[in-house]
Amino acid sequence: MVMKIAILPGDGIGQEILVQSLKVLKAIKLKFGHKFIISKGLIGAESIKTNGLPITQETINLCKDSDTILLGAVGDPLYDNDPKIKIRPEQGLLELRRILGLYCNLRPIKTYNKLLKVSPMKQSVIKNVNFVIFRELTSGIYFGKKGRSQDEAYDTCTYKKNRIKKIAMKAFETARQRNKKITLVDKANVLETSRLWRETVKEIAQKNQDIKVDYIFIDNACMQIILKPRQFDILLTDNMFGDILSDEASVITGSLGLLPSVSFGDHYSLYEPVHGSFPQAKGKNIANPLGSILSVSLMLENFGLKKESFLINRAVNESIKLGLTTQDLNTKKPCTTSEIGDFLFNYILNIKNDQVKSTQIIS
Ligand code: IPM
Ligand code: MG
């Protein structure tokens, strides 16, 4: 297969984790004979530095001309600490999501037995957790009207029924391949947009009665994720609730650095780790590259390269089993970012094809 991939390393650890993902892609290319055509673009603070803008038309065109996009991270503390700055790195990613219509963001949350002890939560509570957050990504309070006067500011949360319907339908499709269960997370006791979510999802549920649908409020969901995370299979929610819930849920797995994600639209897709730019770790070769590498695995799976994707998952499982993990998961004898990449590269190249078993991330 020939695939054109746009690479947007962005800020902080983005660059160094993507180097590891490219290593893994190279191993897959060498083993299976695919051709990955890689082109780099600027986004975030890196783009502001060079172009004065968090994303340029050139990067947008590059993304549109590619089959898919791999993103590292965006964000720089330089901008976080100055509320007056108008141009910010995050705007680059938000613009990209908006322009490419990437409304459906999937964030799988899954525990590895070997890492149960790393999480601050009880092992009996988090064993065998496996759920997916379906986060709406191009509406809601992130994209509503905003304003600011001297002593007042506002952000508005707006949702169109069609947008809710589209992501909800995707969640129902995936539920059918998993455990036929969806939990809608909202704040329908207070917010009008949440009531529209509930109404829309109930209408779809009526027509898809093979799927069990529960409805819970966001405040309760935050608590239930910690108390009884195994009760969830698919969590469907809006843009901001999904942002918050996914960071919270990462604690179950042991590290935010482990989580992959994919964002779909009707025409484009973007793969990125859930973690941020982790500026304290930049250039130190200590960041966890697995969130990005598992995003590559999701990408290959969604492009029909199942065997290749399973092989990456298997290599990742093996590295975790052997205790080859970065400092976020391993305080005693941590590996460096590039050591993880090297291990996975060699593992993939040296394993016999018939040993590759089915190990999927989402379904
Ligand atoms: C995420 C991030 C982004 C978001 C930031 C970087 C704009 O936190 O993907 O979860 O808030 O969506
Ligand atoms: Mg976030």
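1. Thr237 and its contact. In this predicted model, the side chain of Thr237 reaches the backbone oxygen of Val185 at 2.9 Å. Thr237 lies in strand E10. With a relative accessible area of 0%, Thr237 is buried. The cut-off for buried is under 20% relative accessible area, so a value of 0% puts Thr237 in that class.

2. Strand E10 as a whole. Strand E10 covers residues 234-237, and both of its faces are covered. On one side are Ile234 and Leu236, on the other Leu235 and Thr237, and all of these residues are buried.

3. The partners of E10. Which strands pair with E10? One is strand E5 (residues 130-136), which runs parallel to E10 and is joined to it by four bridges. In this pairing Arg135 stands opposite Thr237. Another is strand E8 (residues 181-186), which also pairs with E10 in the parallel sense, over three bridges. Here Leu184 of E8 stands opposite Leu236 of E10.

4. The residues around ligand 1. Arg135, the residue opposite Thr237, is also one of the residues around ligand 1. The full list is Glu90, Arg97, Arg107, Arg135, Tyr142 and Asp243. Sorted by class, this shell has five charged residues, one nonpolar residue and no polar ones. A student checking the list should know that Tyr counts as nonpolar in this sorting.

5. Contacts and cover of ligand 1. Where do oxygen atoms of ligand 1 come to 2.8 Å from an N or O atom of a side chain? This distance is found at the side chain of Arg97, and again at the side chain of Arg135. For the side chain of Tyr142, an oxygen atom of the ligand is 2.5 Å from an N or O atom. Taken alone, ligand 1 exposes 320 Å², and the protein buries 79% of that area.

6. The start of the chain. Strand E1 (residues 2-10) pairs with strand E2 (residues 35-40) in the parallel sense, and six bridges join them. Within this pair, Ile5 stands opposite Ile38 in E2. Between the two strands the chain passes through helix H1 (residues 14-32), and the resulting β-α-β crossover is right-handed.

7. Two residues with positive phi. Most residues other than glycine have a negative phi. Two residues are worth checking against that rule. Asn128 is not a glycine, yet has a positive phi of about 60°. Lys180 is not a glycine either, and has a positive phi of about 55°. Asn128 is found in the loop between helix H6 (123-126) and E5, while Lys180 is found in the loop between helix H7 (161-177) and E8. Strands E5 and E8 are the ones already named as partners of E10.

8. Accessibility of these two residues. Are Asn128 and Lys180 exposed or buried? Asn128 has a relative accessible area of 53% and is exposed, because the cut-off for exposed is over 50%. Lys180, at 37% relative accessibility, counts as partly exposed, because that class takes the values between under 20% and over 50%.

9. Thr253 in helix H10. Helix H10 spans residues 239-253, and Thr253 has its place there. The side chain of Thr253 reaches the backbone oxygen of Ser250 at 2.7 Å. At 2% relative accessibility, Thr253 counts as buried. A side chain reaching a backbone oxygen was also described for Thr237, with Val185 as the partner.

10. Tyr271 and Ile7. Tyr271 lies in strand E12 (residues 269-271), and at 1% relative accessibility it counts as buried. How many residues apart along the chain are Tyr271 and Ile7? They are 264 residues apart, and their C-alpha atoms are separated by 9.9 Å.

11. Phe345 and Lys23. Phe345 is found in helix H13 (residues 337-350). Its C-alpha atom and that of Lys23 are separated by 6.3 Å, although the two residues are 322 apart along the chain. At 19% relative accessibility, Phe345 counts as buried, since the cut-off is under 20%.

Note on methods
Residues are numbered from 1 along each chain as its sequence is written. Chains are lettered from A and ligands numbered from 1 in the order in which they are written. This is a predicted model: local features need pLDDT of at least 70, side-chain atom pairs count only at pLDDT 80 or more; totals for chains, interfaces and linings use all residues. Side-chain values use heavy atoms; hydrogens and water are left out. Two strands pair if DSSP finds at least two bridges between them. A crossover is right-handed if, with the strands pointing away from the viewer, the path from the first strand over the helix to the second runs clockwise. A residue is near a molecule or strand if one of its heavy atoms lies within 4 Å of it. A polar contact is a pair of N or O atoms within 3.5 Å; within protein, one must be able to donate a hydrogen and the other to accept it, and residues adjacent in sequence count only if both atoms are side-chain atoms. Accessible areas come from the Shrake-Rupley method with a 1.4 Å probe; for residues, only the protein chains shown count as cover. Buried means under 20% relative accessible area, exposed over 50%, partly exposed in between (1.4 Å probe, protein chains only).
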